[in-house]
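Reader: I would like to know how the labels used for this model are justified. Please set the values against the criteria.

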Amino acid sequence: MNSFTSSLGQPMDRVDGVAKVTGRARYAGEYPEAGLLHASVVSSTIARGRIRAIHTTAALQVPGVVAVLHHLDRPRISSYDDDYSDADSAEGSPFRPLYNDRILYSGQPIALVVAENLEIARYAGSLVTFDYEQDEHRTDLLSELSSAYDAPAETPEARGDFAQAYAAATTQLDATYVTANEHHNPMEPHASTVFYKPGGALEIHDKTQGTQNCQDYLHKVFGVPKEQIRVLAAFVGGAFGSGLRPQYQLPLAVMAALHLKRSVRLTLTRQQMFTFGYRPRTQQRVRLGLDAKGQLQAIGHDAIGQTSRFEDFTEHLVEWSGMLYRCDNVALSYRLAELDVYTPLDMRAPGAGSGMIALECALDELACAAGLDPVELRRRNFASNNGNEGKPYSSKELLACYDQGAERFGWAARSSSPRSMRNGNQLVGWGMAGGVWESMQMKASAKACLGADGHLTVSSATTDIGTGTYTVMTQIAADAIGMDVADVTFLLGDSSLPTAPLQGGSFTVSSVGSAVRQACQVLRTRVLESARALYPALATVAAADMRLVDGHLLAAGERIPLADIVAQAPEGALQVQIDAEPGSRREGFSTATHSAVFVEVQVDESLGSIKVTRVVSAVAAGRVVNPKTARSQILGGVVWGLGMALHEEGQTDHNLGRILNHNLAEYHIPVHADIGEIEVIFVEEEDEIVNDLGSKGVGEIGVVGVASAIANAIYHATGKRVRTFPITLDKVL
Ligand code: MOS
């Protein structure tokens, strides 16, 4: 046997790491071209009404201004709602920029100035003025709860008899939680550079999680044939869901390019990053009933989220309460209230991020009321079946997460009563929570080609939004064909590559990874077959016993140059494209990732300031392809959970109907000084059902449960339950 170590499971450095840290990696708003025009968006200052007049004369007189586009002066765009829908659309009528005179929310793009450079475009934009007919607006979810209606979501049916079981419970808990609007703020703001090619073809660098989603959208909105539109996203500086839907800078930049027949770039300002989707504010009531043995007898979770007046945004907010723990009497409800705001948007672990705050805080309150350790309560209610679906989990090593997390954290030394641990002036609190996220698989395609030089190129139209997709797919491909990672290149972020779903939902490894693996396995067999034509001695060699090393095939003592095999192979034999479907083994099972998060906080007794000093996150997500990039995902999730718990909140001035803190000075996110020690444990979990790789995905599970664990730790430190997030010091004092 040749010595060969599979790269699967190795903590390999990012293959794109050097390009990123040296600045060679170009992002959507960084592609140059001589004569490129720059555009700037002018945003509405009212939240609801109509535009009666637009004054553009002053702007058009600024030297260097090429055009001012608005609803009365723009190229033709589709008038059909459907044409604006995309792969992550909510129900309703998608937003159509510069479509008509209606103002639907404050910050709405209502004009686009195009100029020779960005400074001129922005300055001229400041000279465009509007006469509005202003209508009364409503932007405060908590004032509109009574208007809420059933969300058009597949909320699991009630089971058992919640009311009776709740009434009969030994210990009852009834608590209501409020979570805040949170805005995606990746380092890279949304940007599109549209290169207008001779003949009208468009080559577009866009900040997106799905190049083909954007291609399809532009095709429908502008009626440009798909072959004339190529959308690229080689590098994405974070997205977290903000790039799941085409954001408005994309159609606006394309509109300008088509109108002027010139190349155009449009980058949103940081303030404008607050003028589209966001994680919606929610109010959630949780009722739990426990029997004398510490078994959950009743779970009720009633949530209301906000949405816009034009779309019904829904997320998986309450279903977790019906599936994480064993309980026979469950009643879940999910309603929406319409406001004069933009439609919310998926944000990392959409629904679970906020829904699990309510469930896991309520569980902690219940544990306290029943005099049970919070880990013990969860342990007693472990569910190996998903009660919502009546199906067993394909794997669920949550008990091991509790064990290993608690062990590493030192949970056994916890004194159970609040305010019983301190460090000088600091009240010390230890809290924990569980986490859960779906483990999905979507249809995806990948292509694997062996070049004449023996180099393997694998491609798929997926993106890498910072998650490590380039690296992980390289590892999966190298393992499947039996090559060294150095001999493999993975291409992505290009709408012309084999079809891939949006990068999101933690399903990229499962979906695209399965396609990559299958394509490379087939190619491996083809290589062997082609080699056998040259070397009959290989007839008895199995594909698994062959390695492709240093441009040679090694098997049965032979060392055959790959170049010879490629030259000899029938046309196209060494190019394999596979369309991978979710495996049929999944049917009959529920698939999910789980976690247990343990947190230490220190709360200054006189100041109320909160410091998260330690976090241990134990995650069960099946097989981890790359522990380094996976750990990075969990670290990011923990940091974000800390922000959800303590910092993040889009604050709306309801008189003006607009977000006040639309910048990173006032919209607080955790900074380095806020972060203590974070330990990540990947609990071993074998899963042969979820997919051939046995990988469940780690993109979202890291954030789930963190905010509740912190809230629970704050209660343990201070004896005070804060149920309105974020938990700022004024609420603790
Ligand atoms: Mo994530 S919200 O699935 O991009």
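Author: What follows is a set of questions about labels and the reasoning behind each one. The model is predicted.

Reader: Why is the contact between Asp494 and Arg230 called a salt bridge?

Author: The side chains meet with N and O 2.5 Å apart. The criterion asks for a side-chain nitrogen of Lys or Arg within 4 Å of a carboxyl oxygen of Asp or Glu, so the label applies. A search of the whole structure finds 33 salt bridges.

Reader: What makes Asp494 and Arg230 a link between parts apart in sequence?

Author: Asp494 lies in the loop between β24 (488–491) and α12 (508–534), while Arg230 is in strand β12 (residues 229–232), so the pair ties together parts that are 264 residues apart in sequence.

Reader: How do you know whether Asp494 is buried or exposed?

Author: Asp494 has 8% relative accessibility. Buried means under 20%, so Asp494 counts as buried. Its partner Arg230 has a relative accessible area of 35%. That value falls between the limits of 20% and 50%, so Arg230 is partly exposed.

Reader: Why does the pair of Glu360 and Arg378 count as a salt bridge?

Author: The N to O value is 2.8 Å, and the limit is within 4 Å, so the pair qualifies. Glu360 belongs to helix α8 (residues 352–370) and Arg378 to helix α9 (residues 374–380), so the pair ties together parts that are 18 residues apart in sequence. Glu360 and Arg378 are buried.

Reader: Where do Arg380 and Glu376 lie, and how are they spaced?

Author: Both are in helix α9, 4 residues apart, which is about one turn of the helix. Arg380 forms a salt bridge with Glu376, with the closest N and O atoms 2.8 Å apart.

Reader: What makes Arg380 and Glu376 buried, partly exposed or exposed?

Author: Arg380 has 30% relative accessibility and Glu376 has 28%. Partly exposed lies between 20% and 50%, so both residues take that label. Elsewhere, salt bridges that share partners join Arg48, Arg309, Glu338 and Asp340 into one network.

Reader: Why is Glu688 classed as it is for accessibility?

Author: Glu688 has 63% relative accessibility, and exposed means over 50%, so Glu688 counts as exposed. Glu688 lies in the loop between β33 (675–682) and α15 (706–718). Together with Glu397, Glu684 and Glu686, Glu688 gathers in a patch of negative charge on the surface. The patch is called negative because Asp and Glu count as negative.

Reader: How do you know that β25 and β26 are paired strands?

Author: Strand β25 (residues 547–549) is joined to β26 by 3 bridges, and the two run antiparallel. Pairing needs at least two bridges, so the criterion is met. Val549 stands opposite His552 in β26. The two strands form a hairpin with 2 residues between them, and Asp550 in the turn has a positive phi of about 50 degrees.

Reader: What pairs β26 with β27?

Author: β26 and strand β27 (residues 558–561) pair in the antiparallel sense over 4 bridges, and in β27 the bridge partner of His552 is Pro561. This hairpin also has 2 residues between the strands, and Ala556 takes a positive phi near 50 degrees.

Reader: Which residues of β26 are buried on its two faces?

Author: On one side of β26 (residues 552–555) these are His552 and Leu554, and on the other Leu553 and Ala555.

Reader: What makes β5 and β7 edge strands?

Author: The open sheet has 3 strands in the order β5-β2-β7, with antiparallel pairing. β5 (102–103) and β7 (129–134) each pair on one side only.

Conventions:
Residues numbered from 1 in each chain as written. Predicted model: local features only at pLDDT ≥ 70, side-chain atom pairs only at ≥ 80, totals over all residues. Heavy atoms only, no water. Patch = residues over 30% accessible without salt bridge, like charges linked within 9 Å, V, L, I, M, F, W, Y side chains within 5 Å. Areas by Shrake-Rupley, 256 points an atom, 1.4 Å probe, with all protein chains shown as cover. Charge placed at Lys NZ, Arg CZ, Asp CG, Glu CD. Buried < 20%, exposed > 50% of the residue type's maximum accessible area, 1.4 Å probe, protein only.
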